[in-house]
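Q: I'd like a close look at one small part of this protein, and then a view of how that part sits among the rest. Could you walk me through it?

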Amino acid sequence: MRKIYLKRILAVACVTVFVSSAMGCGCLPHQTTISTVIVPTATAILQPTSIHYPGISTIDPSETHTPPAGVDLPTLKASNLSVPAGSSIDYLGNLVIEGEGDTEITEVYVNTSNVRPNVPGVYNATYTVNFRGYPVSKTIVITITPPEEGSETPTYSSTLPGTPISDMVVTLLSGAQCKIPCTTEHYIFESYTDEKREEILGKMYLISVLKIVFNDGEVIELETARTRIAN
């Protein structure tokens, strides 16, 4: 299921915000806050300066969470990845959690806002899990190599075209924030989450992939979230 949060209609130079609500699928209601400024371009684009996505994490990333003595945190194991430009990346399948004991890990987040999957380069991705209310994180290196020979995958320049405008400050599903550089020729056209329910070892989870689409067609996955929901 897809939930659309922001969709730009260029013909009338405006931003349309879609607020989705619970639809009987076990999902939480969604609300989105967007602030905008006018960008001085020929098309008079309204460029949002911030988007706050509906937080589903129970951990406030702005606070310090130090476990008391006697609480052993689990270990996150994830390999660095190298994939050709345009290939899909199974971030959740790359993660192994060890040492959680009898504690169920109800929240897993993968912050991939730094990764441009169609632009060859070296990026970082960060895993964070909620263990008894304490965040445990691990950062890996993602290497995007040139596309395979004969691939029709579109690629984009590492140097953004146009004149820089205000960065988009994005509050992710986990509550973490990131900044997305935008220019007069490379700006966010649409944002949405792709969601699906997945059963793992007899327990049901909601997998949410938060994406943004730029006006030139480039798509970036900002964050992948796996959260426990009722069976």
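Leaving aside its neighbours within four places in sequence, which residues is threonine 224 in contact with?

A: Happy to. This is a predicted model, in which local features need pLDDT of at least 70 and side-chain atom pairs count only at pLDDT 80 or more, while totals for chains, interfaces and linings use all residues. Residues are numbered from 1 along each chain as its sequence is written, and side-chain values use heavy atoms, with hydrogens and water left out.

Beyond its neighbours within four places in sequence, threonine 224 is in contact with Tyr91, Leu92, Val108, Tyr109, Val110, Ile207, Ser208 and Val209; contact here means heavy atoms within 4.5 Å. Threonine 224 sits in strand β15, which covers residues 219-228. Helices (H or I, at least four residues) and strands (E, at least two) are DSSP runs, numbered from the N terminus. With a relative accessible area of 5%, threonine 224 is buried. The cut-offs are under 20% relative accessible area for buried, over 50% for exposed, and partly exposed in between, using a 1.4 Å probe and protein chains only.

Next door, alanine 225 also belongs to β15. Its relative accessible area is 0%, so it counts as buried. Alanine 225 and leucine 173 are 52 residues apart in sequence, yet their C-alpha atoms are 7.4 Å apart in space.

A little further along, two arginines deal with one ring. Arginine 226 lies over the face of tyrosine 205, at 5.7 Å from the ring centre, and arginine 228 lies over that face at 5.9 Å. A charge sits over a ring if NZ of Lys or CZ of Arg is within 6 Å of the ring centre and within 35 degrees of the ring normal.

Now for the wider picture. The chain has 15 strands and 0 helices, and 40% of its 231 residues count as buried. Of the contacts between residues at least 6 apart in sequence, 58% join residues at least 24 apart. The chain exposes about 11700 Å², and carbon and sulfur atoms supply 52% of that area; accessible areas come from the Shrake-Rupley method with a 1.4 Å probe, and for residues only the protein chains shown count as cover.

One of the contacts of threonine 224, Tyr91, leads on to the largest nonpolar core. That core has 27 residues, and Tyr91, Leu95, Tyr127, Val129, Ile142 and Ile144 touch the most other members. The elements giving two or more residues to it are β5 (75-78), β6 (81-84), β7 (95-98), β8 (107-111), β9 (121-131), β10 (134-145) and β14 (203-214). Among them, β9 gives the largest share, 5 residues. A second, separate core of 16 residues includes Tyr109, Ile165, Leu210 and Ile220, and Tyr109 is another contact of threonine 224. A nonpolar core is a set of buried Ala, Val, Leu, Ile, Met, Phe, Trp, Tyr and Cys residues joined through side-chain atoms within 4.5 Å.

Valine 129 shows what a member of the 27-residue core touches. Not counting residues up to four places away in sequence, valine 129 touches Leu76, Leu95, Ile97, Ile105, Glu107, Val108, Tyr134, Pro135 and Val136.

Moving out to the loops, arginine 132 lies between β9 and β10. Arginine 132 is exposed, at 54% relative accessible area, and its phi is near 55°, a positive value in a residue other than glycine. Leucine 201, in the loop between β13 (188-200) and β14, also has a positive phi of about 55° although it is not a glycine. At 85% relative accessibility, leucine 201 counts as exposed.

You may also wonder about the cysteines. Cysteine 178 is buried at 10% relative accessibility, and cysteine 182 is buried at 2%. The structure holds 0 disulfides, a disulfide being a pair of cysteine sulfur atoms within 2.5 Å. Proline 164, in strand β11, is in contact with Cys182 and Thr183, leaving aside its neighbours within four places in sequence. The C-alpha atoms of proline 164 and cysteine 182 are 6.0 Å apart, with their positions 18 residues apart in sequence. Proline 164 is itself exposed, with a relative accessible area of 65%.
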